[in-house]
Amino acid sequence: MARYTGPKTKISRIFGEPILGNGKYLGKNSNPPGQHGANRKRKQLGEYALQLREKQKAKYTYGLLEKQFRNLFDEATRRKGVAGEVLIKLLEARLDNTVFRLGIAPSRPAARQLVSHKHVTVNGIVVNTPSFQLKPGDVISLKNKTANNTALTSVIRGKNPKFSWLDWNEKEMKGVFIAYPERESVPENIKEQLIVELYSK
């Protein structure tokens with residue numbers, strides 16, 4: 001299972017933004033990580049470094065390993081449309097990310113765990129693969145046994161209304177992946193064009 005298990009704040013300090021959730025320490029301690037982080041001068045990054053940094057940011061944000069990310073990029077280049085925008089659409093269409101976006105889980109790692117432990121169904125069938133690619137019209141819900149577990153359902157916060165490509169029925173605890181999102185609707189601060197340039201070398 002692809003997941004980062006190290007300190008989240010350290011990763012956030014590398015990129016200077018809360019890409020793994022909690023960014024409460026960024027304000028008071030925004031230096032790079034490490035013993036000499038405060039004294040280290042930030043160098044002007046070169047073209048390759050900027051491209052690599054953007055790819056790493058996307059990988060950490062969505063919780064993918066290098067091989068998974070490369071395979072997803074290759075799939076994006078095979079599809080019609082701008083490769084960078086298609087890549088973001090495929091990342092958003094992952095089952096674990098959609099469970100997070102629907103508000104069923106408080107974070108992407110928590111959503112990944114829910115899926116891996118067979119608590120989530122797609123069109124009534126249990127799916128335990130976090131990277132499962134959803135298609136427009138797919139219905140995401142919790143298993144009946146899970147839906148009756150108050151310890152799990154107590155963290156459900158409901159969908160953010162900004163995510164127009166998803167629909168959430170709170171009474172039935174079901175969500176629908178309506179369509180692939182447009183790039184401008186996805187809030188993640190990722191410059192996908194730099195990733196395309198990196199893989200195009």
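How many of the 10 residues of helix H4 are buried? I opened the notebook with that one. Eight of the 10 are, so H4 (residues 83-92) is largely enclosed by the rest of the structure. I keep in mind that this is a predicted model.

**Entry 1: helix H4 and its cover**

I listed the buried residues of H4. They are Ala83, Gly84, Val86, Leu87, Ile88, Leu90, Leu91 and Glu92. Next I looked for what covers them. The cover includes helices H2 and H3, helix H5 (95-101) and helix H6 (108-116). Strand E5 (174-177) and helix H9 are also included.

**Entry 2: the chain overall**

I stepped back to the whole protein chain. I found nine helices and five strands. Along the sequence the pattern reads α-α-α-α-α-α-β-β-β-α-α-β-β-α. Of the 201 residues, 41% count as buried. I also checked the contacts between residues at least 6 apart in sequence. Of these, 55% join residues at least 24 apart.

**Entry 3: H3 against H4**

At what angle do H3 and H4 pack? I read about 125 degrees, with the axes 8 Å apart. That angle makes H3 oblique to H4. The crossing is right-handed. From H3, the contact uses Phe69, Leu72, Phe73, Glu75, Ala76 and Thr77. From H4, it uses Ala83, Val86, Leu87, Leu90 and Leu91. I sorted these residues by type: nine are nonpolar, one is polar and one is charged. The H4 residues in this contact are also on the buried list.

**Entry 4: H3 against H9**

I then followed H3 (residues 66-78) to H9 (residues 192-199). Their axes come within 12 Å and cross at roughly 95 degrees. That makes H3 roughly perpendicular to H9. Glu66, Phe69, Arg70 and Phe73 of H3 meet Ile195, Val196 and Tyr199 of H9. The contact holds five nonpolar residues, no polar ones and two charged ones. I noted that Phe69 and Phe73 appear in the contact with H9 and in the contact with H4.

**Entry 5: the sheet**

In what order do the strands of the open sheet lie? I traced E2-E1-E3-E5-E4, five strands with antiparallel pairing. Strand E2 (125-126) and E4 stand at the edges. Each has a single partner strand, so one side of each is left without a neighbour in the sheet.

I looked at E5 and its partners. Four bridges join E5 to strand E3 (residues 138-142), and the two run antiparallel. In that pair, aspartate 138 has phenylalanine 177 as its bridge partner. Four bridges also join E5 to E4, again antiparallel. Here aspartate 167 is bridged to valine 176.

The hairpin of E4 and E5 has four residues between the strands. One detail caught my eye there: methionine 173 takes a positive phi near 55 degrees.

**Entry 6: the two faces of E4**

Which residues of strand E4 (residues 166-169) are on the covered face? I found Leu166 and Trp168 there, with Asp167 and Asn169 on the uncovered face. Side chains in a regular strand alternate between the two faces of the sheet.

**Entry 7: valine 176**

I picked valine 176, which is found in E5. Its relative accessible area is 25%, so valine 176 is partly exposed. Leaving out residues up to four places away in sequence, valine 176 touches Gly137, Asp138 and Val139. It also touches Trp165, Leu166 and Asp167. I checked serine 141 as well. Valine 176 and serine 141 are 35 residues apart in sequence and 8.7 Å apart in space, C-alpha to C-alpha.

**Entry 8: threonine 61**

Is threonine 61 buried or exposed? At 7% relative accessibility, threonine 61 counts as buried, because the cut-off is under 20%. Threonine 61 lies in helix H2 (residues 47-62). Setting aside neighbours within four places in sequence, threonine 61 contacts Ile19, Arg108 and Glu188.

**Entry 9: valine 155**

Last, I went to a loop. Valine 155 sits between helix H8 (150-153) and E4. At 40% relative accessibility, valine 155 counts as partly exposed. Not counting residues up to four places away in sequence, valine 155 touches Gly103, Ile104 and Pro106. I took the spacing to glycine 103. Valine 155 and glycine 103 are 52 residues apart in sequence and 8.3 Å apart in space, C-alpha to C-alpha.

Terms used. Residues are numbered from 1 along each chain as its sequence is written. This is a predicted model: local features need pLDDT of at least 70, side-chain atom pairs count only at pLDDT 80 or more; totals for chains, interfaces and linings use all residues. Side-chain values use heavy atoms; hydrogens and water are left out. Buried means under 20% relative accessible area, exposed over 50%, partly exposed in between (1.4 Å probe, protein chains only). Contact means heavy atoms within 4.5 Å. Axes are lines fitted to C-alpha atoms, for helices over the stretch in contact, and angles run from 0 to 180 degrees between N-to-C directions. Angles under 35 degrees count as roughly parallel, over 145 as roughly antiparallel, 65 to 115 as roughly perpendicular and the rest as oblique. Ala, Val, Leu, Ile, Met, Phe, Trp, Tyr, Cys and Pro count as nonpolar, Asp, Glu, Lys and Arg as charged, and the others, Gly among them, as polar. Two strands pair if DSSP finds at least two bridges between them. A crossing is left-handed if the near helix is turned anticlockwise from the far one by less than a right angle, and right-handed if clockwise.
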